[in-house]
Each structure stands twice: as structure tokens, then as C-alpha cells.
Amino acid sequence: VQLQASGGGLVQAGDSLRLSCAASRRTFSEYAMAWFRQAPGKEREFVAAVSRSVRGGNHYAESVKGRFIISRENAKNTVYLQMNSLKPEDTAVYYCAGVRTIVTVPAPRDEHDYDYWGQGTQVTVSS
């Protein structure tokens with residue numbers, strides 16, 4: 001499956017931004033999806049994940065909990081990351097990732113559990 005991330009940009013602290021990740025495969029609903037990010041000089045880190053089903057739930061890194069919302073629209077093969085109250089420390093390249101799972105499994109937080117990756121989209125938050 002191919003993933004295409006978009007929606008990044010340059011914003012000011014406190015602003016909002018929504019990232020999108022479109023998948024090429026019509027079996028998108030069978031995939032857990034996640035967003036990761038990598039800041040300059042740092043390792044890639046988990047941001048948020050949405051499970052294949054409601055039963056699996058959504059998961060967030062502590063640093064973004066209460067500010068970011070991950071959601072999916074299976075009819076459009078797309079996952080979103082709504083980012084509110086952005087901070088300069090949110091500046092990074094954001095990557096979407098996907099892995100096919102069974103319906104009861106929560107979306108993973110470990111990047112090594114994901115099979116498919118988008119190309120990344122830059123988010124820059126100025127102070």
C-alpha cells in the first residue's frame with residue numbers, strides 16, 4: 001500500500017494544522033494507522049495511532065495528548081491528524097504509517113511494527 005502525507009506547513013505557536021494521509025489500497029479499513037515525527041537531530045517518535053476498529057481505540061503520546069486528535073475516514077482511505085495549540089517543540093517531519101491487523105488488536109506504538117510509510121510532511125511552528 002502507498003501512503004501520501006500532506007498538510008504540513010509553517011504556523012505560529014498556538015495555531016492549528018491538519019495533516020492528511022491518503023492510502024492507495026481499498027482494504028484500508030483493515031489497517032491500523034499511525035503518525036510519527038522526527039525533529040532535527042532526534043530519533044523518530046510516536047505521536048498517535050488509530051486502530052482498525054473502535055474496540056482497539058486511539059492512542060497518543062503524552063506530549064500531544066489533549067492537543068492532537070487522530071481520526072480515519074475509511075470511505076476516503078484517509079487518516080487525519082488534527083493538531084491544535086501547536087508549540088515550537090512540535091516542529092518535525094511527520095510521517096504516517098500503516099499495518100494490517102486483525103480487528104481486535106490495538107494499533108501499535110512501536111515504529112518497527114509498521115510495514116508501510118508515507119514520505120513525510122514538514123511541520124514548522126514558530127514562537
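Does Trp117 count as buried, exposed or partly exposed, and at what relative accessibility? Select Trp117 to begin: at 26% relative accessibility, Trp117 counts as partly exposed, because that value falls between the 20% limit for buried and the 50% limit for exposed. The structure on display is a predicted model.

**Stop 1: the aromatic rings**

Keep Trp117 selected and add Phe36. The two ring centres lie 5.1 Å apart and the planes meet at 50°, so this pair is tilted. The pair links distant parts of the chain: Phe36 belongs to strand β4 (residues 31–38), Trp117 to strand β10 (residues 116–117), and 81 residues separate them. Phe36 itself is buried, with a relative accessible area of 2%.

Next, add Tyr114. Tyr114 and Trp117 form an edge-to-face aromatic pair, with 6.5 Å from centre to centre and 70° between the planes. Tyr114 counts as buried, at 5% relative accessibility. Now include Phe46 in the selection: ring pairs link Phe36, Phe46, Tyr114 and Trp117 into a cluster. In the whole structure, a search finds five aromatic pairs.

**Stop 2: charges over rings**

Select Arg44 together with Tyr95. Arg44 lies over the face of Tyr95, at 5.2 Å from the ring centre. Then select Arg72 and Phe28, where the charged end of Arg72 sits over the ring of Phe28, 4.6 Å from its centre.

**Stop 3: Ala49 and its surroundings**

Select Ala49, which is found in strand β5 (residues 45–50). Ala49 is buried, with a relative accessible area of 0%. Which residues does Ala49 touch, not counting residues up to four places away in sequence? They are Met33, Ala34, Gly57, Asn58, His59, Ile70, Ala107, Pro108 and Tyr114. Tyr114 also appeared at the first stop, as the partner of Trp117 in an aromatic pair. For a distance to display, choose the C-alpha atoms of Ala49 and Ala32: they are 7.3 Å apart in space, while the two residues are 17 apart in sequence.

**Stop 4: strand β11 and its partners**

Select strand β11 (residues 121–126) and show its side chains, which alternate along the strand. Thr121, Val123 and Val125 point to one face and are buried. Gln122, Thr124 and Ser126 point to the other face and are not buried.

Add strand β2 (residues 9–12), which pairs with β11 in the parallel sense over four bridges. Within this pairing, Val125 in β11 is the bridge partner of Val11. Then add strand β9 (residues 92–100), which runs antiparallel to β11 and is joined to β11 by three bridges. Here Val123 in β11 is the bridge partner of Ala92. To follow such pairings in the viewer, display the backbone, because strands of a sheet pair through backbone hydrogen bonds, either parallel or antiparallel.

**Stop 5: the four-stranded sheet**

What is the order of the strands in the open sheet of four strands? The order is β1-β3-β8-β7, with antiparallel pairing. Strands β1 (3–6) and β7 (68–73) are the edge strands, each pairing on one side only. From one strand to the next, the twist averages 15°.

To finish, select strand β3 (residues 17–23) and strand β8 (residues 78–83). These two strands pair in the antiparallel sense over six bridges. Among the residues to label are Ser20 and its bridge partner in β8, Tyr80.

Definitions and conventions: Residues numbered from 1 in each chain as written. Predicted model: local features only at pLDDT ≥ 70, side-chain atom pairs only at ≥ 80, totals over all residues. Heavy atoms only, no water. Phe/Tyr/Trp six-rings, centres within 6.5 Å; stacked < 30°, edge-to-face > 60°. Buried < 20%, exposed > 50% of the residue type's maximum accessible area, 1.4 Å probe, protein only. Lys NZ or Arg CZ within 6 Å of the ring centre and 35° of its normal. Pairing = 2+ DSSP bridges. Axes fitted to C-alpha atoms, helices over the stretch in contact; angles between N-to-C directions. Contact = heavy atoms within 4.5 Å.
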